Amino acid sequence: MLLINAVIVLLMFLLSRWSIGSGFLDYVNKSEQQRMTTLVDNLSDYYQQHGSFSALAEDGAWPRYVHRPRFIELEPPTPVIASKREPTHHRRERGAKYHLLDRDKRQIAGPSYKNIKSLLLIPIEVDEQTVGYLAFKQHKQIASRLDRLFIERQTANLVLIGGFLLLSAALLALLIAAQLVRPLKRMAVATQAMAAGDYQVRIAADSSEEIAALAMDINNLATSLEQNREARQHWIADIAHELRTPLAVVTGEIEAMIDGVRPSSRQGLESLKQEVWQLTRLVNDLRELANSDRGALEYHKLPMTVAEVVQQVCDSARGELEERAINLRLELSSSQQIWADEARMRQLFSNLMQNTLRYTDAPGKLWIKLYQQDDRLVIEWQDSSPGVSDEELPRLTERLYRVEQSRSRVEGGSGLGLSIVANICAAHEGRLSVQHSPLGGIAWRFSFKLIDEQ
C-alpha cells in the first residue's frame, strides 16, 4: 500500500509540474498573441495615416512605436525627468519581440531571424487588403527570470505537498496493515492448529466486517470438523460393539461344542447360523450405507408411480402384518409420477416396513397416506406405539442408533436401515421430516418433486 501510494504521489507531482510549466508557457504565448492583436489594429491605423511603414524602419523608431503606438506618429517624445522615463533597453526589449514585414513578407523592422517558418504571422489589413505582417516567435521555454522564479516556487510547493501526502500514506498504510495482519496471523495460527488435529481452537471476530466473517467461517469449520471427528469415533465404537457381540456368541458356541459342554446338534448349528446371519446383515448394511454416503449407489431414475411401489411393499408384508396384529390403512389417492429409481424407492419403503414390524406393539396400526401438495408428492407413514422421546426423535436416522428399550438382536435390526432411508431420500432430492404420530408412534413425512407434465 505504501509503494502504491508513493507511485501515485510521484505521478501526481510529475503531472502537476508538467501541467504548470506547459500551462504557464501557453499563458505567456496567449498573452503575447493578445498584445499582437492590439498592435495589429494600431499598425493598420498607422498605415492608413502614413500610407507605408517606412518611417518605422528608422533607427529606434520601431521599439518606441511598440512601446507607445498611439503617440509615435505625432511628434518626437518630449524630454522628461530621467527618473520617470522608461529605460531605453526596456523599450528595445519590447520591440525586439516583434517583427514587422511588408506584404511580400520581407522584413521592415525588428530583429533578424533565420527561418520565417519559426514565426507566428498575423496579417495587417487595410480595406480588406493585406499591407504587411506582424510576426512573433513563440516561446518554447520560460525565459523571464520572474517567470522561472514563479515555476520554481510552485515546484517547491508541490514537493512539500507530495512529501506530506507520502507521510500521511505511510502512516495510513502502517495503521491498516496492523489492523489486517493481526487477525490474519491469528487465523494462520488457528488453521495450523486445525491441521494438527486441534479442532477446539476459536478465533475472536473483532476486526472489520469481512475479516470477522472469515473468522466466523473458520470457527464454523472447526466446529464441524470437531463434530465429525466425534461422530466418527462414536460410529467406530458402535460398529466394534455391534460386530463384537455376534462374534463373541459364535466363539462361545463353538468353544462349548469343542469342550463338550454343549452337544454338536442341529439346534446348536441353527443358533450359530442365526448369529452369522445377523453378522452378515450388519456387514451388508454397513457396506450399503457407505456406498450411499459417497454416492456410489447406482440410481437409474425413470418416471415412476410411487403409489404402485408402496402397494407392492404392503402386499409383500401383509402376512407379517396380520401375524403381528398390525392393522394397515392405505390412502393412495395420487397416481402422479416422480423421477426416481424404482429399486431404491422400494428399498426405502421396505426399510420403513421392517422398522414398523420390529418395533410396533401388537395390536398395532399402520397408516400410509399419499397425496399431492402443490408441485410435490407427499408420503406420510405413521404407526402406533411405542413412540420415542423428543430427544430421541431427531436421532432416529443416525447410524447404528436404536432406541434403548428396543435393542433386541433377535428381532431388532442393525440400526442402519433408517440411515439408508435418509440417504435414498436425499439422493432423490426429497425432503424428510420425523414427528410424533397421532397414533402413538412415529410419523415419517417424505415429499418429492412431481414430474412437470408440460
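Which residues do ring pairs link into a cluster? Ring pairs join Y46, Y47, F53, W62 and Y65. Before the close-ups, a word on the source: this is a predicted model, where local features need pLDDT of at least 70 and side-chain atom pairs count only at pLDDT 80 or more, while totals for chains, interfaces and linings use all residues. Residues are numbered from 1 along each chain as its sequence is written, and side-chain values use heavy atoms, leaving out hydrogens and water.

**View 1. Y46 pairs with the rings of F53 and Y65.** Searching the whole structure turns up 5 aromatic pairs. One of them is Y46 with F53, a stacked pair at 6.4 Å centre to centre and 10° between the planes. Here, rings of Phe, Tyr and Trp (its six-membered ring) pair if their centres lie within 6.5 Å; planes under 30 degrees apart are called stacked, over 60 edge-to-face, and the rest tilted. Y46 also meets Y65, this time edge-to-face, with 5.4 Å between centres and 65° between planes. Y46 sits in helix α1 (residues 2-50) and Y65 in helix α2 (residues 61-67), so this pair ties together parts that are 19 residues apart in sequence. Helices (H or I, at least four residues) and strands (E, at least two) are DSSP runs, numbered from the N terminus.

**View 2. Y46, F53 and Y65 are buried.** Relative accessibility comes out at 6% for Y46, 4% for F53 and 1% for Y65. Buried means under 20% relative accessible area, exposed over 50%, and partly exposed in between (1.4 Å probe, protein chains only).

**View 3. R329 has a ring on one count and a carboxylate partner on another.** The charged end of R329 sits over the W367 ring, 4.4 Å from its centre. To qualify, NZ of Lys or CZ of Arg must be within 6 Å of the ring centre and within 35 degrees of the ring normal. R329 also makes a salt bridge with E331, with the closest N and O atoms 2.6 Å apart. That term covers a side-chain nitrogen of Lys or Arg within 4 Å of a carboxyl oxygen of Asp or Glu. Both partners are partly exposed, R329 at 45% relative accessible area and E331 at 25%.

**View 4. K369 lies over the face of Y371.** Its distance from the ring centre is 5.2 Å.

**View 5. D102, D104 and R106 join into one network through salt bridges that share partners.** The whole structure holds 8 salt bridges. In this view, R106 meets D102 at 3.1 Å, N to O, and D104 at 3.2 Å, N to O. D102 is buried at 17% relative accessibility, whereas D104 and R106 are both exposed, with R106 at 52%.

**View 6. Helix α9 runs over residues 342-359.** Its 18 residues reach 26 Å from first C-alpha to last, close to the 26 Å expected at 1.5 Å a residue; the expected span is 1.5 Å times one less than the number of residues. At the start of α9, a side-chain oxygen of D341 comes to within 3.0 Å of the backbone nitrogen of A343. Further along, the buried residues of α9 include M345, L348, F349, L352 and Y359.

Technical notes. Polar contact = N/O pair within 3.5 Å; in protein donor to acceptor, adjacent residues only side chain to side chain.
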